[in-house]
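Here are a few notes from my read-through, set out as numbered points. I hope they are handy while you have the coordinates open.

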Amino acid sequence: MKISKNSALLVIDIQEDSENDNIPVMGGSTTYENAPKIIKFFRDHKLPVIQIREVHRADMSDFGRELDGVEGVHCLEGTNAENYHHLTKPEGNDYLITKRRYSAFIGTDLDLLLQCLKVDTVFLIGGLTDVCVRFTAVDAHQSNYHFYVVTDSVTGSSRKAHEYALRNMKYLQRESNIATQDILEGVVC
């Protein structure tokens, strides 16, 4: 796979204690195994790594409609869940984005950062495939970015929801579903 120098990696919501934080998570994911490899690849090739985390105020004033669904209260300030995961935590020149909504584009400066970095293609890893990853991919698409979702480095709320979300993203950009190996064997040009 050819990886453009105008690419960036979006590490979405890989946070500590996320599996025990009132969010349903599918079993059998290889995200924690593959994400560090992908992050290393981007860092080694001096491509932007953008670490995104979901954090809500301790008084829960910023949840909005989010608690209307299956998820309970999660990712509160002052809890372990607000921290980046130890296997993928930010280093060196990584960019940091904190979001309050599912999409990393809503209420953040992600789009401005991508424009300033002259990024036209984003690679997405993390979770949840059917929620934050999908909504970020949709907003990237609607903002005219190419996107790739690394299918074996994202985790869904369930296997079925994960697979449907991958199909949905492929519907938007037919070449969007790739694997970790595609990146690791890729050539930056």
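1. Let's begin at asparagine 144, which sits just after helix 3 and takes a positive phi of about 70°. Please keep in mind throughout that this is a predicted model.

2. Helix 3 itself spans residues 129-142. Of its 14 residues, 10 are buried, so helix 3 is largely enclosed by the rest of the structure. The buried positions start with the run Thr129, Asp130, Val131, Cys132 and Val133, and then come Thr136, Ala137, Val138, Asp139 and Ala140. What lies over them? The cover includes strands 2, 3, 4, 5 and 6, together with helix 4.

3. Next, the largest nonpolar core, which has 28 residues. Ile50, Leu110 and Leu114 have the most contacts inside it. At least two residues each come from strand 2 (7-12), strand 3 (49-54), helix 2 (110-116), strand 5 (121-127), helix 3, strand 6 (146-155) and helix 4 (159-172). Helix 3 is the biggest contributor to this core, giving 5 residues. As background, nonpolar side chains in soluble globular proteins tend to be buried together.

4. Leucine 110 deserves a look of its own. Beyond its neighbours within four places in sequence, leucine 110 is in contact with Leu10, Ile50, Ile52, Ile97, Ala104 and Phe105. Another core, of 16 residues, lies apart from the largest one, and Leu9, Ala35, Ile178 and Ile183 are among its members.

5. Two residues in the loop between strand 3 and strand 4 caught my eye, and threonine 88 is one of them. Is threonine 88 buried or exposed? Its relative accessibility is 2%, so threonine 88 counts as buried, the cut-off being under 20%. Setting aside neighbours within four places in sequence, threonine 88 is in contact with Ile14, Ala35, Pro36, Ile39, Arg43 and Gln51. Ala35 also appears in the 16-residue core.

6. Aspartate 62 lies in the loop between strand 3 and strand 4 as well. With 8% relative accessibility, aspartate 62 counts as buried. Which residues is aspartate 62 in contact with, leaving aside its neighbours within four places in sequence? They are Val55, His56, Arg57, Arg100 and Arg101. The side chains of aspartate 62 and arginine 100 are joined by a polar contact of 3.0 Å.

7. One last distance for your notes: aspartate 62 and tyrosine 84 are 22 residues apart along the chain, and 20 Å separates their C-alpha atoms.

Conventions: Residues numbered from 1 in each chain as written. Predicted model: local features only at pLDDT ≥ 70, side-chain atom pairs only at ≥ 80, totals over all residues. Heavy atoms only, no water. Core = buried A, V, L, I, M, F, W, Y, C linked by side-chain atoms within 4.5 Å. Buried < 20%, exposed > 50% of the residue type's maximum accessible area, 1.4 Å probe, protein only. Helix = DSSP H or I, 4+ residues; strand = E, 2+ residues; numbered from the N terminus. Contact = heavy atoms within 4.5 Å. Polar contact = N/O pair within 3.5 Å; in protein donor to acceptor, adjacent residues only side chain to side chain.
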